[in-house]
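Colleague: I would like a close look at one part of this model, taken slowly and in connected sentences.

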Amino acid sequence: MMKFFVSCARIFLGIIYFFMKLCPVEDKVVMISRQANRPSLDFKLIRSHITRQNPRVRVVMLCHTLEKRLNARYIDLIKYGFHMLKQMYHIATSRVVILDTYCIVVSLLKHRRELQIIQIWHSMGSMKKFGYTTLDTEEGVPSKTAHLLHMHENYTCVLASSPAYAKDLAAGFHCDARIVKILPLPRTDLLRSPGYRKRKRAQILSEYPMLKKKRVILYCPTFRKCEDAMQTAVTRLAGALDPEKDILVLKPHPLSKITVSGPHILCGTGFSSFDMLFVADAVISDYSCIVYEAAFMGIPVYFYNFDMDKYILERGLAIDYYEEIPGPASSDPYALMDALHNQPYNMKRLKQFSDKYIRYSGHAGQDIAGYILSFFS
């Protein structure tokens with residue numbers, strides 16, 4: 001039934017798209033995301049750099065989530081269907097398409113040969129497997145669905161932050177490694193900007209003055225479809241803190257429902273995980289790629305891997321975990337806190353980790369915009 005539905009939809013959309021492709025191509029870049037309903041920081045930065053380098057190029061951003069995907073409410077599916085038509089028009093009339101996640105119409109339809117489709121993805125490294133490397137796992141999608149929807153097809157370029165990350169990206173997207181280009185995401189510039197750091201810190205501390213006199217521990221766990229074990233683990237981690245010295249800032253995935261409360265816990269701030277890096281004294285994660293950004297900033301990183309064996313079975317990791325990670329790891333929150341409070345941190349190893357996974361030129365946003373604009377004559 002699903003195969004029949006997708007085949008009919010592909011034919012129907014293909015006919016509409018054929019006529020859309022007869023429209024004149026504009027000097028336009030369209031950026032498409034299902035990550036959120038608002039443009040990401042990377043999208044905004046890329047737009048800013050494009051406009052600065054070539055004001056005549058128009059940038060269109062189309063950001064629309066579809067929670068629960070095919071299991072969403074009928075009204076949400078209908079709305080997303082109309083949004084797909086809007087995507088198709090702008091893809092048909094643009095020279096370059098920028099994606100930070102999977103886009104149905106990009107993968108399903110046949111495009112103009114000269115159209116450039118650039119996948120920038122939304123993470124800085126390759127801690128865990130994704131895409132085609134997770135097919136038929138508990139946390140992945142069925143292989144039949146992936147092939148039916150032509151998942152991650154038609155990309156002309158995939159951006160990676162380092163050659164160390166390139167092979168994993170190519171495997172996840174099931175693409176030729178030769179189309180992977182080393183260009184870190186533009187938000188990398190902000191991580192090294194003293195002015196941005198100062199402004200963001202002042203903004204956060206103004207709203208949360210309790211962070212000023214405490215050791216700020218930013219906890220960013222990876223999203224799991226089943227969160228029962230994670231809720232227990234978060235509660236145990238909160239109990240291992242030193243309430244006199246520590247404050248735990250919990251920043252779960254946007255789809256996560258986990259929570260924890262207490263006088264030395266800050267949960268659900270209006271700032272993103274990226275923002276909170278600018279006030280963090282230490283970062284705790286498990287398999288989240290935020291550890292690459294933290295390492296790039298020189299923030300000590302710790303790994304609370306309370307369900308590692310289960311996670312490897314249900315999804316899998318892209319790196320040799322204990323060989324690669326730059327900081328202490330434990331499934332015991334008390335052992336982890338003892339390391340954080342009482343043991344010297346190996347900053348040299350942290351820098352080696354950062355240097356390996358982020359190849360930074362000093363002007364990442366400018367580089368990406370320059371590459372995009374190279375397709376405009």
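Which residue in β6 does Leu159 stand opposite? Please start there and then describe the strand around Leu159, and after that the aromatic pairs and the second largest pocket.

Modeller: Please keep in mind that this is a predicted model. Leu159 stands opposite Lys181 in β6, and the two strands concerned, β5 and β6 (residues 180-182), run parallel and are joined by three bridges. Strand β5 covers residues 157-160, and both of its faces are covered, with Cys157 and Leu159 buried on one side and Val158 and Ala160 buried on the other. β5 also pairs in the parallel sense with strand β4 (residues 116-119), over two bridges, and here Val158 in β5 is the bridge partner of Gln119. Helices connect these strands as well: β4, helix α5 (residues 143-148) and β5 make a right-handed β-α-β unit, and β5, helix α6 (residues 163-173) and β6 make a right-handed β-α-β unit too.

Turning to the aromatic side chains, the structure holds 20 aromatic pairs. One of them is formed by Tyr292 and Phe353, whose ring centres are 5.1 Å apart and whose planes meet at 15°, so the pair is stacked. Because Tyr292 lies in helix α11 (residues 290-297) and Phe353 in helix α15 (residues 347-357), this pair ties together parts that are 61 residues apart in sequence. Both Tyr292 and Phe353 are buried. Phe296 and Tyr360 have ring centres 5.3 Å apart with planes at 85°, and therefore count as an edge-to-face pair. This pair also links distant parts of the chain, since Phe296 belongs to helix α11 and Tyr360 to the loop between α15 and α16 (364-373), 64 residues apart. Phe296 counts as buried, at 4% relative accessibility, whereas Tyr360 is partly exposed, with a relative accessible area of 24%. In addition, Tyr287, Phe303, Tyr311, Tyr321 and Tyr322 form one aromatic cluster.

Tyr311 leads on to the second largest pocket, because its lining includes that residue, together with others, among them Glu138, Arg224, Met230, Phe306 and Glu314. About 170 Å³ of space lies in this pocket. Helices α9 (228-239) and α12 (308-314) each supply at least two residues of the lining, and α12 gives the most, with three residues. By character, the lining residues of the second largest pocket divide into five nonpolar, no polar and seven charged.

Technical notes. Residues numbered from 1 in each chain as written. Predicted model: local features only at pLDDT ≥ 70, side-chain atom pairs only at ≥ 80, totals over all residues. Heavy atoms only, no water. 1 Å grid on protein atoms, 1.4 Å probe; cavity = no way out; pocket = protein on both sides within 12 Å on 5 of 7 lines; lining within 4 Å. Points joined across faces, edges and corners; volume = space filled by probe spheres on them. Helix = DSSP H or I, 4+ residues; strand = E, 2+ residues; numbered from the N terminus. Nonpolar A, V, L, I, M, F, W, Y, C, P; charged D, E, K, R; others polar. Buried < 20%, exposed > 50% of the residue type's maximum accessible area, 1.4 Å probe, protein only. Pairing = 2+ DSSP bridges. Right-handed = clockwise from strand over helix to strand, strands pointing away. Phe/Tyr/Trp six-rings, centres within 6.5 Å; stacked < 30°, edge-to-face > 60°.
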